Amino acid sequence: MRSLSWFRMSASQPPRFRVQNLRVHLAHRPILDGLRFDVAPGTVTALVGPNGSGKTTLLRTLAGLLPLVGSVEFNGRSLARWSDGERARSLAFVQQRSTLA
């Protein structure tokens, strides 16, 4: 059986994404409050939850499409310091649309 131990983060390797104390309000209503997590390089991460739980809001925030309070880093660098061009070259977000007939 093949070992997957190389997927584990080492102390010298920063997480791909690091989110600390993330807060997002829309229309003066808290949608995400105090969210913290790391995503390690080379891992597959699933975002699962019921409708209305904030999954799309989180993805839109990580892509820089929504204002936030807290810290979001990608490859060890705060997204707040990225220009629009840098973000466009490094991150993508394709929103799901569903239509009913």
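**Figure 1. Where β4 meets β3.** In this predicted model, Phe 74 has Arg 77 of β4 as its bridge partner. The two strands run antiparallel and are joined by 2 bridges, with β4 covering residues 77–78. Between them sits a hairpin connection of 2 residues, and here Asn 75 takes a positive phi near 55 degrees. If you are browsing backbone angles, Asn 75 is a good place to pause.

**Figure 2. The hairpin of β1 and β2.** Let us turn to the other hairpin view. β1 and β2 pair in the antiparallel sense, and 8 bridges hold the pairing. One position to look for is His 25, which stands opposite Pro 30 in β2. This hairpin has 2 residues between its strands, and Ala 27 takes a positive phi near 55 degrees.

**Figure 3. β1 beside β3.** What joins β1 to β3, and in which sense do the strands run? The link consists of 5 bridges between β1 (residues 17–26) and β3 (residues 69–74), and the strands run antiparallel. Two facing positions help you find your way along this pairing. Arg 23 stands opposite Val 69 in β3, while Gln 20 has Ser 71 of β3 opposite. As a reminder for reading such views, side chains in a regular strand alternate between the two faces of the sheet.

**Figure 4. The whole sheet with helix α1.** Stepping back, the 4 strands form an open sheet in the order β2-β1-β3-β4, with antiparallel pairing. Its edge strands are β2 (29–39) and β4, each of which pairs on one side only. Helix α1 packs on this sheet and touches β1, β2 and β3. The direction of α1 makes about 115 degrees with that of β1. For orientation, the protein chain holds 2 helices and 4 strands, and along the sequence they follow the pattern β-β-α-β-β-α.

**Figure 5. Thr 61 in helix α1.** Is Thr 61 buried or exposed? With a relative accessible area of 1%, Thr 61 is buried, because buried means under 20%. Thr 61 belongs to helix α1, which spans residues 55–62. A polar atom of its side chain lies 2.7 Å from the backbone oxygen of Thr 57. Leaving aside residues up to four places away in sequence, Thr 61 touches Leu 22, Val 24, Leu 66 and Leu 68.

**Figure 6. An aromatic cluster around Phe 74.** The structure holds 2 aromatic pairs. In one of them, Phe 17 and Phe 74 are tilted, at 4.9 Å centre to centre with 55 degrees between the planes. Why does this pair tie together parts 57 residues apart in sequence? Phe 17 lies in strand β1 and Phe 74 in strand β3, so the pair spans that separation. Both rings count as buried, with relative accessibility of 16% for Phe 17 and 11% for Phe 74. Phe 74 also forms an edge-to-face pair with Trp 82, at 5.7 Å centre to centre and 65 degrees between the planes. Trp 82 is buried, just as Phe 74 is. Together, ring pairs link Phe 17, Phe 74 and Trp 82 into a cluster.

**Figure 7. The largest nonpolar core and Leu 79.** This core has 14 residues. Those with the most contacts inside the core are Phe 17, Leu 22, Leu 62, Val 72, Phe 74 and Leu 79. Two or more residues come from each of β1, β2, α1 and β3. Which element gives the largest share? The answer is β1, with 4 residues. For a closer look at one member, follow the contacts of Leu 79. Not counting residues up to four places away in sequence, Leu 79 touches Phe 17, Leu 62, Val 72, Glu 73, Phe 74, Arg 87 and Leu 91.

**Figure 8. The chain as a whole.** Two summary values go with the close-ups. Of the 101 residues in the protein chain, 22% count as buried. Among contacts with a separation of 6 or more, 52% come from residues 24 or more positions apart.

Definitions and conventions:
Residues numbered from 1 in each chain as written. Predicted model: local features only at pLDDT ≥ 70, side-chain atom pairs only at ≥ 80, totals over all residues. Heavy atoms only, no water. Buried < 20%, exposed > 50% of the residue type's maximum accessible area, 1.4 Å probe, protein only. Polar contact = N/O pair within 3.5 Å; in protein donor to acceptor, adjacent residues only side chain to side chain. Contact = heavy atoms within 4.5 Å. Pairing = 2+ DSSP bridges. Axes fitted to C-alpha atoms, helices over the stretch in contact; angles between N-to-C directions. Phe/Tyr/Trp six-rings, centres within 6.5 Å; stacked < 30°, edge-to-face > 60°. Core = buried A, V, L, I, M, F, W, Y, C linked by side-chain atoms within 4.5 Å.
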